[in-house]
Amino acid sequence: VPSVTWHKKQGNSENAIRINDVTYKETFTEVLALLNVDDLTYEENGAQYICKGGNTDLYDSTITYRAERSVTVTVVEGVEPSISLPSTSVVTSGKPLTLICSVEGAPPPTIEWFQDGVLIVGETAEKYVTDGESGEYGCKATNMLGTVEQYVRVQARPEFSGGEIFLILLIVGFISVLLIVGILIFVRTNELDRRMKEARAKD
């Protein structure tokens with residue numbers, strides 16, 4: 001079974017990590033060594049953790065095999081997520097509307113979008129384009145320090161307002177009246193011409 005140890009290198013010094021800080025899981029041919037690092041501070045920034053493993057040859061104990069891998073720790077200041085989203089928005093029915101959820105936080109938060117409380121699968125960007133439907137759209141941001149969510153009420157209005165529809169109907173009605181009057185005048189004029197021709201023919 002291989003032997004596995006963890007070491008911490010910071011600056012020019014390298015020290016073995018206490019066995020109590022490592023969780024070992026062994027099989028007949030493998031060893032898994034899980035390093036638990038709690039309460040990281042800025043002093044740990046740039047520290048290098050090195051995992052070293054080794055074992056002897058199965059048939060010749062004088063032969064030793066060794067390997068190691070390292071990981072460098074970057075410590076950043078954690079910031080709870082925050083969201084900026086308009087509270088209401090109006091869109092013409094059936095026309096797309098782009099909602100922008102400005103998210104900040106460290107580590108960078110993950111984003112989820114909801115429509116009327118139902119998760120919109122696959123939408124994880126700060127921008128979401130609606131299909132023009134009314135409803136309550138929510139943006140939720142999560143990182144290791146917390147979760148924050150905000151909602152916007154989208155109101156879909158008809159392509160034409162009530163006043164615009166009334167004006168269109170009024171114009172259409174006026175044009176229709178003009179056409180009817182024009183047709184009546186045309187018919188009346190033809191009727192008068194016909195009667196005048198008949199009167200001349202009798203004379």
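## A walk from Glu136 through its neighbouring strands

Start by selecting Glu136, which lies in strand β14, residues 135-143 (helices, H or I, of at least four residues and strands, E, of at least two are DSSP runs, numbered from the N terminus). Before going on, note that this is a predicted model, where local features need pLDDT of at least 70, side-chain atom pairs count only at pLDDT 80 or more, and totals for chains, interfaces and linings use all residues. Residues are numbered from 1 along each chain as its sequence is written, and side-chain values use heavy atoms, with hydrogens and water left out.

Is Glu136 buried or exposed? Its relative accessible area is 32%, so Glu136 is partly exposed (buried is under 20%, exposed over 50%, partly exposed in between, with a 1.4 Å probe and protein chains only).

Now add Asp116, Asp131 and Glu133 to the selection: with Glu136, they gather in a patch of negative charge on the surface. Patch residues have over 30% relative accessible area and no salt bridge; like charges are joined within 9 Å, and nonpolar side chains (Val, Leu, Ile, Met, Phe, Trp, Tyr) within 5 Å. A salt bridge puts a side-chain nitrogen of Lys or Arg within 4 Å of a carboxyl oxygen of Asp or Glu. Asp and Glu count as negative, Lys and Arg as positive, while His and the chain ends are not counted. Each charge is placed at CG of Asp, CD of Glu, NZ of Lys or CZ of Arg. Accessible areas come from the Shrake-Rupley method with a 1.4 Å probe, and for residues only the protein chains shown count as cover.

Next, bring up strand β11, residues 110-115, which pairs with β14 in the antiparallel sense over 6 bridges (two strands pair if DSSP finds at least two bridges between them). Click on Phe114 to find its bridge partner Gly138 in β14, then on Gln115, whose partner there is Tyr137.

Which residue of β12 stands opposite Gln115? Select Val118 to see it. Strand β12 covers residues 118-119 and pairs antiparallel with β11 over 2 bridges. The two strands form a hairpin with 2 residues between them, and Asp116 in the turn has a positive phi of about 55°. You have met Asp116 already, in the negative patch.

Return to β14 and follow the hairpin that joins it to β15 through 2 residues. Strand β15 spans residues 146-157 and runs antiparallel to β14, with 9 bridges joining them. Here, Gly138 stands opposite Tyr151.
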